[in-house]
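Here are my notes for you, written as numbered points. Keep the structure open while you read and find each residue as it comes up.

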Amino acid sequence: AKDRDDLNSFVAYVYDNGPNNQPQLFPTSAHALAFHINAYNALAMHNVLESGIPESLSGFKKVSFFYLRKVQVGGEPISLYDYENKVIRSFNEPRIHVAVNCMSIGCPRLPREPFLPEKLDAQLDREAKRFFNETRHVAVDDPAKLLWLSEILSFYTGDFLAHAPSLAAYVNRYRDAKVPESHAIKFIPYDWTINRQP
């Protein structure tokens, strides 16, 4: 119950405050980006709980959840889709895609700590290493010369290729065991089932 109270309190804060209407609270881009990542994750979790924890975010529920239902950030109504794509992606930081979490199984893991401006770069690196070293997001099939990547890299290919010559090269920045950059790429279908872990 306390966790839900804390979530509700933070969502209430996000509704009324943000870099757009309280710029003095966010003196650097790291302050703003950390706020937006935390806010997105909290708003997505709040929406899932308010929706009665649906089984999946596929089909119409996906449209309703991301496009139709409005949240509020700094006094301005916005959909989660627009919040991610028009606000958070504008920071030109592809590691956000391993940090924002829509509460489905296909998402990156949600850290147990907030993103903080003074540690943001290290935290995003940590999450990228965690994401790209998980077999559910990256797998190599050497006999077939295939590299299987999370569909997140298909959704946002341009964001990653703005920072690396290929998707495999981007992945290798964070992999312990490097993947072959000459393999053909296929994408692991995204799992929109709601993550029901406590």
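The points below go from the whole protein down to single residues.

1. Ground rules first. This is a predicted model, where local features need pLDDT of at least 70, side-chain atom pairs count only at pLDDT 80 or more, and totals for chains, interfaces and linings use all residues. Residues are numbered from 1 along each chain as its sequence is written, and side-chain values use heavy atoms, with hydrogens and water left out.

2. The overall layout. You should find eight helices and five strands; these are DSSP runs numbered from the N terminus (helices are H or I with at least four residues, strands are E with at least two). Along the sequence the order is α-α-α-β-β-α-α-β-β-α-α-α-β.

3. Inside and outside. Of the 198 residues, 44% are buried. "Buried" is under 20% relative accessible area, "exposed" is over 50%, and "partly exposed" is in between (1.4 Å probe, protein chains only). The protein exposes about 10200 Å², and 53% of that comes from carbon and sulfur atoms; accessible areas come from the Shrake-Rupley method with a 1.4 Å probe, and for residues only the protein chains shown count as cover.

4. Contacts across the chain. A contact means heavy atoms within 4.5 Å. Among contacts with a separation of 6 or more, 66% join residues 24 or more positions apart.

5. The first hairpin. Strands β1 (residues 70-73) and β2 (residues 76-79) pair in the antiparallel sense over four bridges; strands pair if DSSP finds at least two bridges between them. One bridge joins Gln 72 to Pro 77 in β2. There are two residues between the strands, and Gly 74 takes a positive phi near 55° in this hairpin. On β1, Val 71 and Val 73 make up the covered face, while Lys 70 and Gln 72 make up the uncovered one.

6. Helix α5. Residues 120-132 form this 13-residue helix, which reaches 18 Å from first C-alpha to last, close to the 18 Å expected at 1.5 Å a residue (the expected span is 1.5 Å times one less than the number of residues). Its buried residues are Leu 120, Gln 123, Leu 124, Glu 127, Ala 128, Phe 131 and Phe 132. They line one face of the helix, because they fall within an arc of 150° seen down the axis; the arc is that of the directions from the helix axis to the C-beta atoms. Their cover includes α2, β3, β4, α6, α7 and α8.

7. The aromatic cluster. The structure holds ten aromatic pairs. Rings of Phe, Tyr and Trp (its six-membered ring) pair if their centres lie within 6.5 Å; planes under 30 degrees apart count as stacked, over 60 as edge-to-face, and the rest as tilted. Phe 132 and Tyr 170 have ring centres 6.0 Å apart and planes at 75°, so this pair is edge-to-face. That pair joins helix α5 to helix α8, 38 residues apart. Phe 160 and Tyr 170 are also edge-to-face, at 5.0 Å centre to centre and 65° between the planes. Ring pairs link Phe 131, Phe 132, Phe 160, Tyr 170 and Tyr 174 into a cluster.

8. Leu 147, in strand β4. Is Leu 147 buried or exposed? Leu 147 counts as buried because its relative accessible area is 0%. Beyond four places in sequence, the residues Leu 147 touches include Val 138, Ala 168, His 183 and Lys 186. The C-alpha atoms of Leu 147 and Lys 186 are separated by 6.2 Å, although the two are 39 residues apart along the chain.
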